[in-house]
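Visitor: I would like to learn how to read a structure feature by feature. Could you walk me through one?

Guide: Gladly; let us look at it together.

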Amino acid sequence: MEDIQDYFVHIIEQAHSYDIAESEFKRAIAEDDSLHMQYREWCRERGTTEKHGFMDFCEEYMADRNEVWETLNDYDDEE
């Protein structure tokens, strides 16, 4: 299931906003039954819904990225 998370990251980084990323992802799963099935399975494994799974991932992904930048900034402040 890592492949679908890589796809999520690709969409997020290309879109540069949650709304655009979500719209692009919804379009993609509507057009690709295989991707939709992978997404359904990914949601089931994580105990989330298809309605909220992608956005939950987006929020977690961005929080992790922000944490990395904050850690780097804290390191710079120590020097």
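Visitor: How much area does the chain expose, and what share of it do carbon and sulfur atoms supply?

Guide: Keep in mind from the start that this is a predicted model. The exposed area of the chain is about 5800 Å², and 47% of that is supplied by carbon and sulfur atoms. As for the interior, 25% of the 79 residues count as buried.

Visitor: What does the secondary structure of the chain come to?

Guide: There are 4 helices and 0 strands. Reading along the sequence gives the pattern α-α-α-α. You can also ask how contacts are spread along the chain: among those between residues at least 6 apart in sequence, 56% join residues at least 24 apart.

Visitor: How should I describe two packed helices?

Guide: The general idea is to give the angle between their axes and the distance between the axes. Here, take helix 2, residues 18-31, and helix 3, residues 33-46: they pack at an angle of about 115 degrees, and their axes are 5 Å apart. Angles of 65 to 115 degrees count as roughly perpendicular, so helix 2 is roughly perpendicular to helix 3.

Visitor: Which residues make that contact?

Guide: Helix 2 contributes Phe25, Ala28, Ile29 and Glu31, while helix 3 contributes Asp33, Leu35, His36 and Tyr39. Sorted by class, the contact of helix 2 with helix 3 has 5 nonpolar, 1 polar and 2 charged residues.

Visitor: Now the charged side chains. How many salt bridges does the structure hold?

Guide: It holds 6 salt bridges. A useful way to read one is to take the N to O distance, then the spacing in sequence, then the exposure of the partners. Start with Lys26 and Glu22, whose side chains meet in a salt bridge at 3.6 Å, N to O. The two residues are separated by about one helical turn, because they sit 4 residues apart in helix 2. Lys26 has 48% relative accessibility, so this residue counts as partly exposed.

Visitor: What does the same reading give for Arg27 and Glu31?

Guide: Their side chains meet in a salt bridge of 2.6 Å, N to O. Arg27 and Glu31 lie 4 residues apart in helix 2, which means a separation of about one helical turn. Arg27 is partly exposed, with a relative accessible area of 38%, whereas Glu31 is exposed at 57%. Recall that Glu31 is also one of the residues of helix 2 in the contact with helix 3.

Visitor: Which residues are linked with Arg27 in a network of salt bridges?

Guide: Glu24 and Glu31 are; together with Arg27 they form a network of salt bridges.

Visitor: And where do Glu41 and Arg44 lie?

Guide: Both are in helix 3, 3 residues apart, about one turn of the helix. Their side chains meet in a salt bridge of 2.4 Å, N to O. Glu41 counts as partly exposed at 26% relative accessibility, while Arg44 is exposed, having a relative accessible area of 56%.

Visitor: Let us turn inward. Is Ile12 buried or exposed?

Guide: The cut-off for buried is under 20% relative accessible area. Ile12 has 7% relative accessibility, so Ile12 counts as buried. This residue is placed in helix 1. To see what surrounds it, set aside neighbours within four places in sequence: Ile12 is then in contact with Ala21, Phe54, Phe57, Cys58, Tyr61 and Met62. One of these, Phe57, is 45 residues away along the chain, with 9.9 Å between the C-alpha atoms of the pair.

Visitor: How does Trp42 count, buried or exposed?

Guide: Trp42, which lies in helix 3, counts as buried at 4% relative accessibility. Phe54 is 12 residues from Trp42 in sequence, and their C-alpha atoms are 9.9 Å apart in space. Phe54 is also among the contacts of Ile12.

Visitor: One last backbone feature: which residue other than glycine has a positive phi near 65 degrees?

Guide: That is His16. Look for His16 in the loop between helix 1, residues 2-15, and helix 2. His16 is exposed, with a relative accessible area of 69%.

Notes:
Residues are numbered from 1 along each chain as its sequence is written. This is a predicted model: local features need pLDDT of at least 70, side-chain atom pairs count only at pLDDT 80 or more; totals for chains, interfaces and linings use all residues. Side-chain values use heavy atoms; hydrogens and water are left out. Axes are lines fitted to C-alpha atoms, for helices over the stretch in contact, and angles run from 0 to 180 degrees between N-to-C directions. Angles under 35 degrees count as roughly parallel, over 145 as roughly antiparallel, 65 to 115 as roughly perpendicular and the rest as oblique. Contact means heavy atoms within 4.5 Å. Ala, Val, Leu, Ile, Met, Phe, Trp, Tyr, Cys and Pro count as nonpolar, Asp, Glu, Lys and Arg as charged, and the others, Gly among them, as polar. Buried means under 20% relative accessible area, exposed over 50%, partly exposed in between (1.4 Å probe, protein chains only). Accessible areas come from the Shrake-Rupley method with a 1.4 Å probe; for residues, only the protein chains shown count as cover. A salt bridge is a side-chain nitrogen of Lys or Arg within 4 Å of a carboxyl oxygen of Asp or Glu.
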